[in-house]
Amino acid sequence: MSRSEELFKRAVKRIPGGVNSPVRAYGAIGETPRFIQGAVGSKIFDVDGNQYTDYIGSWGPMILGHNHPAIREAVIRACENGLSFGCATEREVEMAEFICERIPHVEMIRMVNSGTEAVMSAIRAARGYTGKDKIIKFAGCYHGHSDALLVSAGSGVMTSGIPDSAGVPKACTQDTMLAVYNDLSSVQQLFEESKEQVAAVIVEPVAANMGVVPPADGFLQGLRDLCDAHHAVLIFDEVITGFRLKFDGAAGFFGVIPDLVTYGKIIGAGMPVGAYGGKREIMECVAPAGPVYQAGTLSGNPVAMAAGLAQLKILWENPDIYTRIYQKGEMLFEGIRKILVENNCPYQINHVASLGCLFFTKEKVTDYASAKTADTKAFSEYFKYMLNHGIHLAPSQFEAMFLSDAHTEEEIACVLELVETYIKEKAGR
Ligand SMILES: *Cc1c(COP(=O)(O)O)cnc(C)c1O
């Protein structure tokens, strides 16, 4: 028995499903999860001494690669002063200033401890600000695991076998309206049905929790216009796209400006950090400036802030990182597209910059319904093949492949070679 298998056997006795977040269990794949010992740059090592090139990147935070020396140093230095004070610190001011001074649509920002918290709080702020209750979300978009948003939620929920979630009272989701991604008429219709009761529209500007689904031309601008027409708050959930597509995220990448944004993942560089921010007028509704209550014992934690700020500074000071990972995205995902075409393979490849997904379906994937046509068994087979050849992919059809600045062209060429061999072997059967 491998160390990973041993650990998993122990884990399932004491941790539900053996993991602290569902997708880690490899449930969709039917394998034992690899337990990780450490990671450096693009490489990750398991407890059995196997090495993989990692395309999970801790689900996004590791845009510079694992264990970046400058970030590690910043964390160690911060630790020397103590781990938490529950009081205001200078670094929180620095973090807020650093972001607000560089991203014009973020006039004020509040730190929290996860993406889930960021979204939950942004929704509350939007409701407090507008005095309205209803929200519109899109099928297949994931916004964390808070009650109101666990409706057609994508990510781990897609493969867990539970349609949505037990334990969420109907009362908590009765004000959540469900629209179709990339379909503005579905949003328009909900606005009309709701009789001007919509507080907010929340969207992943690039859907990256049902695989990767780019916004169609005009979709994000259409949401902007609908929100303006109906006095609703437009929230971009940039927990994945923020600081990834560009420093100013999908808003900057697509040139559509939301009222509120939520951050997570990259903003903490691997530490548990989330944030929400945007228009001053809305953010001033948040306590203690305003009546919308939101708090956190460990929010703005000094060690977490040190990690996040170190990463954001590197990203800001080296904009060529974005050019490089964009080009790597082109090389990898367009390379896969070419292989599919040359081999008459009907599978779909979707990508935006450094995020991409190979869908095992012949249907064009533009929304949740088309994403769900993917053959998850075929994906599992592919996943195992790649893992056995040293490539660490997200263990689910409905997750993105994350590139980092640490990935080399050689590593990408290696993935392409494996994909080509795999597709050819399959075609030959
Ligand atoms: C990961 C994710 C979240 C939730 O963040 P957690 O830190 O896991 O709570 C919310 N929204 C999106 C788009 C995400 O990808």
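**Close-up views of a predicted model**

**Figure 1. Strands β11, β12 and β14 form an open, antiparallel sheet of three strands, in the order β11-β12-β14.** The edge strands, each pairing on one side only, are β11 (348-352) and β14 (401-402). The model shown in this and every later view is predicted. Strands β11 and β12 run antiparallel and are joined by five bridges. Within this pair, Ile 349 has Leu 358 of β12 as its bridge partner, and His 351 stands opposite Gly 356 in β12. The two strands form a hairpin with two residues between them, in which Ala 353 takes a positive phi near 50°.

**Figure 2. Strand β11 is covered on both faces.** In a regular strand, side chains alternate between the two faces of the sheet. On one side of β11 lie Gln 348, Asn 350 and Val 352, and on the other Ile 349 and His 351; all are buried. The strand is accordingly described as mostly covered, with five of its five residues buried.

**Figure 3. The largest cavity is lined in part by β12 and α14.** The structure holds two cavities of 30 Å³ or more, and about 110 Å³ of space lies in the largest. Rolling a probe the size of a water molecule over the atoms shows where empty space is left. Strand β12 (355-359) and helix α14 (376-388) each supply at least two residues of the lining of the largest cavity, and β12 gives the most, with three residues. The lining includes Gly 356, Cys 357 and Leu 358, together with Phe 379 and Tyr 382. Also among the lining residues are Leu 393, Ala 394, Ser 396, Gln 397, Glu 399, Ala 400 and Met 401. By class, the lining of the largest cavity divides into eight nonpolar residues, three polar and one charged. Two of its residues recur from Figure 1: Gly 356, which stands opposite His 351, and Leu 358, the bridge partner of Ile 349.

**Figure 4. The second largest cavity has a volume of about 50 Å³.** Its lining comprises 13 residues, and those nearest the centre of the cavity are Gly 57, Met 62, Phe 402, Ser 404 and His 407. Seven residues of the lining of the second largest cavity are polar, four are nonpolar and two are charged.

**Figure 5. Four strands form an open sheet of mixed pairing, in the order β1-β2-β3-β13.** At the edges stand β1 (36-40) and β13 (391-392), each of which pairs on one side only. Strand β3 (residues 51-54) runs parallel to β13, and two bridges join them. Asp 54 stands opposite His 392 in β13.

**Figure 6. The largest nonpolar core has 84 residues.** Those with the most contacts inside this core are Ile 99, Phe 138, Phe 243, Ile 267, Leu 312 and Leu 315. Helix α11 (residues 302-317) provides the largest share of the core, 10 residues. Another core, of 34 residues, lies apart from it and includes Tyr 55, Cys 345, Leu 387 and Ile 391.

**Figure 7. Ile 267 and Gly 268 both touch Gly 308.** Neighbours within four places in sequence are left aside in this view. Ile 267 is in contact with Met 95, Ile 99, Met 111, Phe 243 and Leu 312. The further contacts of Ile 267 are Val 273, Gly 274, Ala 275 and Gly 308. Gly 268 lies in the loop between β9 (260-263) and β10 (274-278). Because its relative accessibility is 0%, Gly 268 counts as buried. Gly 268 touches Val 273, Ala 307 and Gly 308. Gly 268 and Gln 311 are 43 residues apart in sequence, while their C-alpha atoms are 8.0 Å apart in space.

**Figure 8. The second largest pocket has a volume of about 380 Å³.** Of the 22 residues that line this pocket, Glu 92, Arg 110, Met 111, Ser 299 and Gly 300 lie nearest its centre. The elements giving two or more residues to the lining are α3 (90-100) and β4 (108-112); β4 contributes the largest share, three residues. The lining of the second largest pocket has 11 nonpolar residues, nine polar and two charged. Met 111, one of the residues nearest the centre of the pocket, is also in contact with Ile 267.

Technical notes: Residues are numbered from 1 along each chain as its sequence is written. This is a predicted model: local features need pLDDT of at least 70, side-chain atom pairs count only at pLDDT 80 or more; totals for chains, interfaces and linings use all residues. Side-chain values use heavy atoms; hydrogens and water are left out. A nonpolar core is a set of buried Ala, Val, Leu, Ile, Met, Phe, Trp, Tyr and Cys residues joined through side-chain atoms within 4.5 Å. Buried means under 20% relative accessible area, exposed over 50%, partly exposed in between (1.4 Å probe, protein chains only). Contact means heavy atoms within 4.5 Å. On a 1 Å grid over the protein atoms alone, a cavity is a set of points where a 1.4 Å probe fits but cannot get out, and a pocket is an open set with protein on both sides within 12 Å along at least five of seven lines; lining residues have an atom within 4 Å of a point. Grid points are joined across faces, edges and corners, and a volume is the space filled by probe spheres set on the points. Ala, Val, Leu, Ile, Met, Phe, Trp, Tyr, Cys and Pro count as nonpolar, Asp, Glu, Lys and Arg as charged, and the others, Gly among them, as polar. Two strands pair if DSSP finds at least two bridges between them.
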